[in-house]
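Here's a walk through the model on your screen, residue by residue where that helps. Keep the structure open and click along as you read.

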Amino acid sequence: NSTLNLQQIEDKVILLSFIYVKCNMSTRCPLTTTNFQQIQDLLGPDLNRQTIFMLITLDPEEDTPAVLHRYGELYGADFNNWYFLTGRKQMLDKIYREYEIINEREPDGTLRHSVITFLIDKKHQIRKMYFANEYRPDDVKQDIILLSKEK
């Protein structure tokens with residue numbers, strides 16, 4: 001169990017999104033995770049050293065660190081720079097508010113939630129938002145290349 005604080009991350013471009021393991025809508029969490037995996041593969045070793053991938057759970061009760069780790073393994077995540085994060089509900093609710101993420105439990109137990117991926121520069125500023133997985137992994141790679149060159 002380790003704590004990750006955005007402020008501790010220096011000189012890295014961050015790709016951040018929100019998922020939950022039991023999400024069964026193919027265009028949502030599974031696609032977000034697949035896209036992250038493709039982007040991680042596309043970047044290669046040098047760019048991966050300059051990039052952090054973060055998926056934050058929307059369902060902390062179910063998505064324990066062990067569950068998230070297994071989920072990452074299923075998608076072939078390289079855990080050297082890809083984090084699957086959970087935490088206390090109160091802390092996560094604060095993060096959802098900061099990123100303006102909708103996360104509401106439906107009567108059937110599923111979550112109605114935003115599908116937004118954030119590209120964050122080395123100074124921790126949000127530089128781009130990709131909505132509803134309507135992007136190509138190669139386009140995100142190009143955006144990461146541009147941000148990685150900034151001081």
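Asn133 is buried, with a relative accessible area of 8%. This is a predicted model, and Asn133 is a good place to start looking around in it. You'll find Asn133 in the loop between strand 7 (126-131) and helix 4 (137-148). Its backbone is worth a click too: phi of Asn133 is near 55 degrees, a positive value in a residue other than glycine. As background, most residues other than glycine have a negative phi.

Glu100 has a positive phi as well, about 55 degrees, and isn't a glycine either. Glu100 sits in the loop between helix 3 (89-98) and strand 4 (103-105). Is Glu100 buried or exposed? With a relative accessibility of 66%, Glu100 counts as exposed, whereas Asn133 is buried.

Now zoom out to the whole chain. There are four helices and seven strands. Reading from the N terminus, the order is β-α-β-α-β-α-β-β-β-β-α. The C-alpha atoms fit a box of roughly 45 × 30 × 25 Å along the principal axes. How does the radius of gyration compare with that of a compact globule? For 151 residues, such a globule would come out near 15 Å, and the chain has 15 Å, so the two agree.

Of those 151 residues, 44% count as buried. Take the contacts between residues at least 6 apart in sequence: 68% of them join residues at least 24 apart. The accessible surface adds up to about 8,600 Å², and carbon and sulfur atoms account for 50% of that. On the charge side, there are 19 positive and 22 negative side chains, with the centres of the two sets lying 4 Å apart.

Next, the cysteines. How many disulfides does the structure hold? The count is zero. Cys23 is in no disulfide, and its nearest cysteine sulfur, on Cys29, is 3.3 Å away. Cys29 is likewise in no disulfide, its nearest cysteine sulfur being that of Cys23 at 3.3 Å. Why doesn't this pair count as a disulfide? The cut-off is 2.5 Å between the sulfur atoms, so a separation of 3.3 Å doesn't qualify. Both residues are tucked away from the surface: Cys23 is buried at 7% relative accessible area, and Cys29 is buried at 1%.

Leu119 is another buried residue, with a relative accessibility of 2%. It belongs to strand 6 (residues 116-120). Which residues does Leu119 touch, leaving out those up to four places away in sequence? The list includes Val13, Ile14 and Leu15. It also includes Gln125, Ile126, Arg127, Lys128 and Tyr130, along with Asp143, Ile144 and Leu147. Ile14 is 105 residues from Leu119 along the chain, yet their C-alpha atoms are separated by 5.9 Å.

For a contrast, go to Asp46 in helix 1 (residues 29-49). Asp46 counts as exposed, at 51% relative accessibility. Asp46 and Arg88 are 42 residues apart in sequence, and their C-alpha atoms are 34 Å apart in space.

Two glutamates round out the tour. Glu61 lies in the loop between strand 2 (51-57) and helix 2 (65-74), and counts as exposed at 52% relative accessibility. Setting aside neighbours within four places in sequence, Glu61 is in contact with Lys89 and Arg105. Glu104 lies in strand 4 and counts as partly exposed at 40%. With the neighbours within four places again set aside, Glu104 is in contact with Thr110, Leu111 and Arg112.

Here are the C-alpha distances for the residue pairs to check on screen, including two pairs that involve these glutamates.

| Residue pair | Separation in sequence | C-alpha distance |
|---|---|---|
| Leu119 and Ile14 | 105 residues | 5.9 Å |
| Asp46 and Arg88 | 42 residues | 34 Å |
| Glu61 and Thr27 | 34 residues | 23 Å |
| Glu104 and Ser114 | ten residues | 9.6 Å |

Conventions: Residues numbered from 1 in each chain as written. Predicted model: local features only at pLDDT ≥ 70, side-chain atom pairs only at ≥ 80, totals over all residues. Heavy atoms only, no water. Buried < 20%, exposed > 50% of the residue type's maximum accessible area, 1.4 Å probe, protein only. Rg over C-alpha atoms; globule rule 2.2 N^0.38 Å. Contact = heavy atoms within 4.5 Å. Areas by Shrake-Rupley, 256 points an atom, 1.4 Å probe, with all protein chains shown as cover. Lys, Arg positive; Asp, Glu negative; His and termini not counted. Charge placed at Lys NZ, Arg CZ, Asp CG, Glu CD.
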